[in-house]
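Here is a guided walk through a two-chain complex, meant to be read with the model open beside you. Take your time and turn the view as you go.

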Amino acid sequence: MATVAAVIASTHHPFYYRASTATGADRPPFADEWVAKIEAFRETLTRAEPDVLVMVGSDHFHQLWLDNMPQFLVGKAPFFDANFYNEEREFGLPRMTLRGEEDLAAHILRQGLDADFDLAFSNELRIDHSITCPIITLRPEADLPIVPIYTNIFAPPLPQPKRFVQLGRMVRELVESWPEDKRVAIIGTGHLSLELGGPRQFGEHGPDPEFDRKAVDWIASGDIEGCLAEVTLDSLHHPGNATHGFMDFMLMMGVAGDGAKADYVDSLDLFHTMEAYFTWYPNGVPA
Amino acid sequence: MSKYLLDKFLFTVDRDPALVERYREDPVGTVTWWEQEMAGALLSCTAGERTTWLAFTPDERRALSAHDHVALFELGAHPFLTLTLFIAMFERDHGPLEYQRAYGRAMQHLSMPYPDIAT
């Protein structure tokens, strides 16, 4: 059976690639600290020695559209091209191609459907920065096969927060029941408080530092119950109009498990939004 | 209200480099052409299969034709779509993050709850 080598939850900041590669006058003052934090975070994946990556993210109106919008979708294909014209344009992200792990994708789809989770699927999925940002930060070699899982945190009506937690728990079980002797890292990215296209955007900090502090505590301590008691689809409007991306962090809390304290926690208070990085080792911290 | 069609305009223009430039240079002409020719295109179907009933309201047409991102927000257009396209059109005329901050300042009079973006 497969082993969950690491569970990783992170923000996905599309500015990281450009900030980390800029030189001279173009290099922002916060770049060096940011790169140092990312390199330390990357080491938490490297030391887990994964063979396969399950990548949880959310399409930002690139391929998935309102005429046919899935709530939860699994990519099953031998390859995934990545990043779109408007992500090159705005963030300078490079075009990429990642290998897919079709056997694990098929296992998650079949077993997930049989467990009453009606997952959609795609056999031709171009993935966006919600998945390529963590590839760039955590595995820049982009050499491991992936199973992308997309969630709808973007186009209401959205699934309830508890549904994200339930999906996370199920993904953990399904990876552990995959009959292959492989080490799988489950990586998901979301947001803390965030405002895009509204009056609170691009401030000196994230739009709601108090929410961010609570969110980091919930995640780091595995306090799923406390988080679900406070977070609703309505409440997530208040910290910022794009804060529903926090539900992907809740999904990852479901993967990590109730009460599972993160083995690695870090954050970085940037303009616009707070960065946060978490790693769990369900089978013990690697030597 | 046709929030879906507002979003469809923003979505289809933002993903096409030529249309981004056309909308920047000629918003009135682009909106008129798009509503006549493109509004009914089913994006996952062949050109012959068209939707017959989609149209902007006068307020929606006016907001798009005026590049009025505040009005688009108030009409319930998806803020991510509006922001992404408007950055593509206008960031180039400003210093780093200057446009994004001005975009937010122009909406300071708005308060919670924001307009519903559900389609």
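## A tour of the predicted complex

This is a predicted model, and chain B comes with an average pLDDT of 97, with 99% of its residues scoring at least 70. For the complex, the predictor reports an ipTM of 0.95 and a pTM of 0.97.

### The two chains in outline

Let's begin with chain B. Its secondary structure consists of seven helices and zero strands, giving the pattern α-α-α-α-α-α-α along the sequence. The radius of gyration is 14 Å, close to the 14 Å that the globule rule gives for 119 residues, so chain B is as compact as a globular protein of that length.

Chain A has nine helices and ten strands. For its 287 residues a compact globule would have a radius of gyration near 19 Å, and the 17 Å of chain A agrees with that.

The table sets out some overall values for each chain.

| Chain | Box along the principal axes (C-alpha atoms) | Buried residues | Share of contacts (separation of 6 or more) from residues 24 or more positions apart |
|---|---|---|---|
| Chain A | about 50 × 45 × 40 Å | 52% of 287 residues | 82% |
| Chain B | roughly 45 × 30 × 25 Å | 29% of 119 residues | 63% |

### Where the chains meet

Now bring the interface into view. On the chain B side, 31 residues are in contact with 23 residues of chain A. Three elements of chain B each give two or more residues to this side: helix H1 (3-14), helix H6 (79-90) and helix H7 (98-105). H6(B) provides the largest share, eight residues. By type, the chain B residues that touch chain A divide into 20 nonpolar, seven polar and four charged.

### The nonpolar core

In soluble globular proteins, nonpolar side chains tend to be buried together. The largest nonpolar core here holds 108 residues, and the members that touch the most others are A:Val54, A:Ala185, A:Ile186 and A:Ile219. Two of these are worth a visit: A:Ala185 and A:Ile219.

A:Ala185 lies in strand E8 (residues 183-190) of chain A. Why does A:Ala185 count as buried? Because 26 other C-beta atoms lie within 10 Å of its own, and 20 or more are needed for a residue to be called buried. Leaving out residues up to four places away in sequence, A:Ala185 touches A:Ala5, A:Ala6, A:Ile8, A:Leu45, A:Ala48, A:Pro50 and A:Leu53. For a sense of scale, try the distance from A:Ala185 to A:Asp114: these two are 71 residues apart along the chain, and their C-alpha atoms are separated by 23 Å.

Next, move to A:Ile219. Beyond its neighbours within four places in sequence, A:Ile219 is in contact with A:Ala9, A:Phe249, A:Met253, A:Ala262 and A:Phe278.

### Helix H9 of chain A

Which element gives the most to this core? Helix H9 (residues 246-256) of chain A does, with nine residues. Eleven of the eleven residues of H9(A) are buried, so this helix is largely enclosed by the rest of the structure. Among these buried residues are A:Phe249 and A:Met253, both of which are in contact with A:Ile219. The buried set also includes A:Asp248 and A:Gly254. Just after H9(A) comes A:Gly257, which has a positive phi, near 110°.

### A strand covered on both faces

The last stop is strand E3 (residues 72-75) of chain A. In a regular strand the side chains alternate between the two faces of the sheet. In E3(A), A:Phe72 and A:Val74 are on one side, A:Leu73 and A:Gly75 are on the other, and all of them are buried, leaving both faces covered.

What does E3(A) pair with, and in which direction? Strand E7 (residues 146-151) of chain A runs antiparallel to E3(A), joined to it by three bridges. Strand E6 (residues 120-122) of chain A runs parallel to E3(A), also with three bridges. Two residues let you find these pairings on screen: A:Leu73 has A:Tyr150 as its bridge partner in E7(A), while A:Gly75 stands opposite A:Ser122 in E6(A).

Note on methods: Residues are numbered from 1 along each chain as its sequence is written. Chains are lettered from A and ligands numbered from 1 in the order in which they are written. This is a predicted model: local features need pLDDT of at least 70, side-chain atom pairs count only at pLDDT 80 or more; totals for chains, interfaces and linings use all residues. Two residues are in contact if their C-beta atoms, placed from the backbone, lie within 7 Å. Helices (H or I, at least four residues) and strands (E, at least two) are DSSP runs, numbered from the N terminus. Ala, Val, Leu, Ile, Met, Phe, Trp, Tyr, Cys and Pro count as nonpolar, Asp, Glu, Lys and Arg as charged, and the others, Gly among them, as polar. pLDDT is the predictor's confidence in each residue, from 0 to 100. The radius of gyration is taken over C-alpha atoms; the globule rule is 2.2 Å times the number of residues to the power 0.38. A residue is buried if 20 or more other C-beta atoms lie within 10 Å of its own, exposed if 12 or fewer, and partly exposed in between; C-beta atoms are placed from the backbone. A nonpolar core is a set of buried Ala, Val, Leu, Ile, Met, Phe, Trp, Tyr and Cys residues joined through C-beta atoms within 7 Å. Two strands pair if DSSP finds at least two bridges between them.
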